[in-house]
Structure formats: C-alpha cells, structure tokens
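Hi,

Here is the structure I promised to pass on. Have a look at it first, and then read on for what turned up in it.

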Amino acid sequence: MDTLEVIKISNQEQLEDAFAIRKKVFVDEQHCPPELEWENEDVSTHFLALLGQQPCGACRWRKTDKGYKLERFAVLKEFRGKRIGQAMVAAVLADLPEDHQFVYLNAQLDAVSLYSKFGFAAEGPQFEEAGIMHVKMVRKA
C-alpha cells in the first residue's frame, strides 16, 4: 500500500508540482480564471501531498490582516476519496505558528463537511468566488 505524506514545500521542483496540481484542478477542471489562481504565492507556505512518490494534492496557508487563512486545497481527480484532503488540512493546521489566534478559509460548498471535521464552522452567507459557490468558515476548536 502506498504511503500518504504531506510535506512542506522546500524547493522549486516541489512548488512546480503543486502549481501543476492547482492548474489542473482549478483552471482546467473547475474553469477558474488563471489570473485569480496565481496570487500571494510569495507570502504563502505551500504543501504537497504525495501518495507513494506521486504528487496528488496541494494547499497553502498565509498570514493576513485577519489571521491565518488556509487556501488552494486541491486533490487530483484520480486520487479523490483517499483521505488526502484530510491529511492536508491536518498538516497545515499542525504547521501554523503556536500563537495563531484566528484561522479561517473560504470553502467550496462540497468541501464544507471536510473542514467541519477540523472544527471549522460556516459564518455568513454563501458567496461566489471564481464562478464557484463558497462559504467562509472559521475554526472554533
């Protein structure tokens, strides 16, 4: 059985793997405008999920004026349903600075149950972002 590992990106090759996953999921599959996908890269901490040695998921966190925002969670279609999203959320939360106070994200509606497992709760009305319905979620745990 292949081992699932989520690593903090430490080199350009890993970052390019993450960007390729995000392009395939967000731009190609979900039709997000490319200009919206590539922002805040230099101020984000990026992660890559590997099943065996195969890159299969990507995500990041960054510090904002409000707190710490989890973003760009993407799992390649052929790897979905293997708990990769859960492993990425757990890895990102474990990586946040100890003094983190406020942790939030904008979840696509079909991912709300994933984030709920980690203590996130929906706050406010649903909204459209890049043509996809989202809801803001704040970590209560």
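Let's start with helix α3, where I84, G85, M88, V89, A91, V92 and L93 are buried. Keep in mind that this is a predicted model. The spacing of those buried residues is worth a thought: an α-helix has 3.6 residues a turn, so residues three or four places apart point the same way. As for its length, α3 has 12 residues and spans 17 Å from the first C-alpha to the last, close to the 16 Å expected at 1.5 Å a residue.

The end of that helix brings us to the salt bridges. How many does a search of the whole structure find? The count is 7 salt bridges. One of them joins K8 to D95, with the closest N and O atoms 2.8 Å apart. K8 sits in strand β1 (residues 4-8) and D95 in helix α3 (residues 84-95), so this pair links distant parts of the chain, 87 residues apart. K8 itself counts as partly exposed, because its relative accessibility is 44%, and the buried class needs under 20%.

Next, try E29 and R80. They form a salt bridge too, and their closest N and O atoms are 2.8 Å apart. Here E29 belongs to helix α1 (residues 12-29), while R80 is in the loop between β4 (68-75) and α3; the two are 51 residues apart, and again distant parts of the chain are linked. Both ends are partly exposed: E29 has a relative accessible area of 30%, and R80 has 36%.

Now for a pair in another setting. R60 forms a salt bridge with E71, the closest N and O atoms being 2.9 Å apart. R60 lies in strand β3 (residues 54-63) and E71 in strand β4, so the pair ties together parts that are 11 residues apart in sequence. Are R60 and E71 buried or exposed? Both are buried, and R60 has a relative accessibility of 0%. There is more around R60: its side chain makes a polar contact with the side chain of S44, at 3.4 Å. R60 is also part of a network of salt bridges that links R60, R62, K69 and E71.

You may wonder about the cysteines. How many disulfides are there? The count comes to 0. C56 is in no disulfide, and the nearest cysteine sulfur, that of C59, is 11 Å away. Why is there no bond for C59? Its closest cysteine sulfur is the one in C56, and 11 Å is too far for a bond, since a disulfide needs the two sulfur atoms within 2.5 Å. Both of these cysteines are buried: C56 has a relative accessibility of 0%, and C59 has a relative accessible area of 2%.

Last, the sheet. It is an open sheet of 7 strands in the order β1-β2-β3-β4-β5-β7-β6, with mixed pairing. β1 and β6 (120-129) stand at the edges with a single partner strand each, so one side of each has no neighbour in the sheet. From one strand to the next, the twist averages 25°. For a pairing to trace on screen, take β5 (residues 103-108) and β7 (residues 132-139): they run antiparallel and are joined by 5 bridges. Along the way you'll find L105 standing opposite M137 in β7.

Have fun exploring!

Terms used. Residues numbered from 1 in each chain as written. Predicted model: local features only at pLDDT ≥ 70, side-chain atom pairs only at ≥ 80, totals over all residues. Heavy atoms only, no water. Salt bridge = Lys/Arg side-chain N within 4 Å of Asp/Glu carboxyl O. Helix = DSSP H or I, 4+ residues; strand = E, 2+ residues; numbered from the N terminus. Buried < 20%, exposed > 50% of the residue type's maximum accessible area, 1.4 Å probe, protein only. Expected span 1.5 Å × (residues − 1). Polar contact = N/O pair within 3.5 Å; in protein donor to acceptor, adjacent residues only side chain to side chain. Pairing = 2+ DSSP bridges. Axes fitted to C-alpha atoms, helices over the stretch in contact; angles between N-to-C directions.
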